[in-house]
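Let's take a relaxed walk through a protein model. Keep the 3D view open and turn it as you read.

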Amino acid sequence: MTSDLDSLFLVEDAPATPARELPPWPILVVDDDEEVHIMTRLVLSRLTYKGRPLDLLTARSAAEAATVLTKREDIAVALLDIVMETDDAGLVLARRIREEFDNHDVRIVLRTGQPGQAPVRDVIVNYDINDYKAKTELTSEKLFITIITALRSYDNIRTAREAQSASRLKSSFLATMSHEIRTPMNAVLGMLELMSHTGLDDEQMEMLFTARDAAGTLLRIIDDILDFSKIEAGRMDIECHPVALGPLVEGVADMLAAQARKRALDLHVHIDPAIPDLLMGDPLRLRQVLYNLTGNAIKFTEKGGVTLSMRCLPGAEPGRCRVKVAVQDTGIGIAEDVQKQLFQPFTQAESSTSRRFGGTGLGLSISRRLIDLMQGRIGLESAPGQGSTFWFEIDLAIAQEQPATAPQPALPSLSGIDVLVVAETPALRDTVACYIEAAGGRVTEPGQAWTVAVVIPRPGDVWPDLPDGRPAVLVAAADSVRPAGLPSGTVQIGRPMRRVPLIRAIASAAGQEMAARSATSSLRQGRGEPPPVEVAIAQGRLVLVAEDQPVNQMVIRRQLSLLGIAAEITEDGRQALAAWRSGRFGLVLTDCNMPEMDGFELTAAIREAETGTGLRTPIIALTANAMAGESQRCLAAGMDGFLAKPLELDRLDRCLAQWLPPLSGAVPSQSGPSQSGALGEAGAGVVPVLNLARTLELFSALDDEARTFLNDFLDAARPLVLGVAAAFARDDLGHARHQTHALAGVAKTAGADILAQAADRVEESLLQGNPEDARQAAKALPIALEQVASTIASL
């Protein structure tokens, strides 16, 4: 007998084999009346269905029938008498079949010679049966119809189940094979990238880039098949976390900006300011859908541009928000007769599409199924030659804990600021005007007085002349031609334009930079400068920081300063322990992995010194390792809390409010940091090279101070990357792990997400005892670092 697995490997051109003869249909007749068995056999003995005869099995009691059913799982129909050894023996057996034997395929037909003994309505409602007949009405013809109807139902159930089983088996096979192929493909891409840095001549470089592009395309196809197979196999789950949809959409645009610039397309983003800061959803899968739709729009658009918009729709229930996301392009368009098929797997608009543009046709099918899993709907509007608009609508709950436990940085007010907007297109000007007016500013017309000018040149154009000495914000793409020098008073941000950086840049250009920084979060209002060390000691609020990386020291010092907290910084655990012995500190923030003495050893030394004194200094861990179990490890070591890098200012503030003595007259924090929240959110899918949100949180605008910070990060990261390679070269896995952990920490602090993820892979492999996997993963570190360096250089 050929199994389902065997059918996957059948040779298509193999000689045809004779069709095997199908077995008869097993029919179980259960009755304590011998005459019933005789008459049933006479009526059904010559009956066939689909060319298969019946195999009549007999049982004189419910107990005997139960024995047959435990041995035979292929019974198609069971004709059950109700009154046998007991008055309800047939009913009890029917329930046992469904519940105890867990058999929901067999069709159960109850026959009774005493119809009033078990009322039809009660039996149908309370028992999972398929038919109920009185013996007096079961003539030969009606018995024939009853059996054929039951067999047809049974056959449909079995056929559907076998098809579903085969589909899931094939999907599982695809998932396994896709994973197995993806692993070496990652190595191929990594090695090709490394080869590009080995001094090849022009012809060799051209061949290498061709191979790299082909390998990247193959990897994307494998990823599509993997996701599709997961959905088909029922293994795709939708999670629910607080997610900031605006930054998520803008992040997808950032990831695809280079692809759009390569095709000379304008990529425009519009976020409705009315959308709440945080909604409950699955950020990974939402990002995947957005990436599919926007990536397709860019791929199928040869000239013009792509607009990615997100708007808040009316009609949502209280506490919820109905969101519509649309991706509009000026591409090839889609004929009406193929639009209905476009969301089916392996379908594209025309037979030549895959040859012209590549792809599997799975992206839209995956997107549709993901939106279905989110209880939303997806669709498109298109016409040939007139472009397309793909959209989806989802209804999401508003994050209830948003004000207390997950606050988003508040925008500075533009009240009283008149802004002149010079943009290339009306749509872009409308978006800028919408953002400004939502922040309290006013957009002026040409010829009217203005406070700040927002100038947005076309991508690839030379920057226009800016008003010398007048406040201005320049929104310029990476490929714009930069003239020599910028007039004073000019603040630059990149494209695609983000709402928050735009508003902060306008506030900064208008001379409200300090106000903008202090207004970015309500927690910073009224904090002022940190008090002198002597005052902080008297208040019990001086913080000791143990951190060995200069970039991380810079960030934590600035964050504590913004919160009005005085602190002293030490470079390792030994220095921190010596400082702590002075008794001046109200709290210790310590990195977990440091040279000389790490955070765990520091905690153990402090707790040992405190034994018998009745004192306990709060110790909070700072670590780039946000893997499961790390928080429990910290608490077990004697620490009081756990904060993951990159360290968010709001979480740091709530942590300090919980463990430091309150200031006189200060309003206590409404909630302490949750251990689960302190772990941070892990992203997946396509990772941005450089996430400027971290820098903008600290500096409000991409000014000289911010660029100095990013360059300092590069100076700190380069020796760490070299240190990892050197440690592996001499087979010093312990030092390799330490260097990798430090690299992950500084990368997360600076927002170098792609480098942080690469470092995390190396450290995780080392922690799991897979040094060879770690060596392979480490080859991606210098590549990721150069990508980050190139991005910083283009700012």
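What follows is a short tour of ring pairs, surface patches, a helix and a few backbone angles.

## Before we start

Keep in mind that this is a predicted model. Residue numbers start from 1 along each chain.

## Three rings that meet

How many aromatic pairs does the structure hold? There are two. In one of them, the ring centres of Trp25 and Tyr49 are 5.7 Å apart, and the planes sit at 45°, so this pair is tilted. Find the two partners along the chain and you'll see that the pair links distant parts of it: Trp25 belongs to strand β1 (residues 25-30) and Tyr49 to strand β2 (residues 48-49), 24 residues apart. Are these two residues buried or exposed? Trp25 has 2% relative accessibility, so it counts as buried, because the cut-off for buried is under 20%. Tyr49 has 10%, so Tyr49 counts as buried too.

Now look at Trp25 again, since Trp25 also forms an aromatic pair with Tyr154. This one is edge-to-face, with 6.4 Å from centre to centre and 85° between the planes. Here, too, distant parts of the chain are linked: Trp25 in strand β1 and Tyr154 in helix α6 (residues 140-195) are 129 residues apart. Tyr154 is buried, just as Trp25 is. Put together, the ring pairs join Trp25, Tyr49 and Tyr154 into a cluster.

## Two patches on the outside

Time to move to the surface. Which residues gather in a patch of negative charge there? They are Asp32, Asp33, Glu35 and Glu85. Glu85 sits in the loop between β4 (77-81) and α4 (89-99). With a relative accessible area of 45%, Glu85 is partly exposed.

There's a nonpolar surface patch as well, made by Ile38, Met39 and Leu42 and covering about 320 Å². You can find Ile38 in helix α2 (residues 34-44). Its relative accessible area is 47%, so Ile38 is partly exposed, because that label covers values between the cut-offs of 20% and 50%.

## A mostly covered helix

Next up is helix α12 (residues 363-373), which is mostly covered. How many of its 11 residues are buried? Eight are. Among them are Gly363, Leu364, Ile366 and Leu370, and the buried residues also include Ser365, Ser367, Arg369 and Ile371. After α12 comes Gln375, which has a positive phi near 65°.

## Positive phi angles in loops

Gln375 isn't alone in having a positive phi. Lys50 is not a glycine, yet its phi is positive, at about 55°. Lys50 lies in the loop between β2 and β3 (52-59). Its relative accessibility is 57%, so Lys50 counts as exposed, the cut-off being over 50%.

Further along, Asp731 is another residue other than glycine with a positive phi, near 65°. Look for Asp731 in the loop between α25 (704-729) and α26 (733-750).

## One last buried residue

Let's finish with Val77, which is in strand β4. At 0% relative accessibility, Val77 counts as buried. How far apart are the C-alpha atoms of Val77 and Leu56? They are separated by 9.8 Å, while the two residues are 21 residues apart along the chain.

Technical notes. This is a predicted model: local features need pLDDT of at least 70, side-chain atom pairs count only at pLDDT 80 or more; totals for chains, interfaces and linings use all residues. Side-chain values use heavy atoms; hydrogens and water are left out. Patches are made of residues with over 30% relative accessible area and no salt bridge: like charges are joined within 9 Å, nonpolar side chains (Val, Leu, Ile, Met, Phe, Trp, Tyr) within 5 Å. Accessible areas come from the Shrake-Rupley method with a 1.4 Å probe; for residues, only the protein chains shown count as cover. A salt bridge is a side-chain nitrogen of Lys or Arg within 4 Å of a carboxyl oxygen of Asp or Glu. Lys and Arg count as positive and Asp and Glu as negative; His and the chain ends are not counted. The place of a charge is taken as NZ of Lys, CZ of Arg, CG of Asp or CD of Glu. Helices (H or I, at least four residues) and strands (E, at least two) are DSSP runs, numbered from the N terminus. Buried means under 20% relative accessible area, exposed over 50%, partly exposed in between (1.4 Å probe, protein chains only). Rings of Phe, Tyr and Trp (its six-membered ring) pair if their centres lie within 6.5 Å; planes under 30 degrees apart count as stacked, over 60 as edge-to-face and the rest as tilted.
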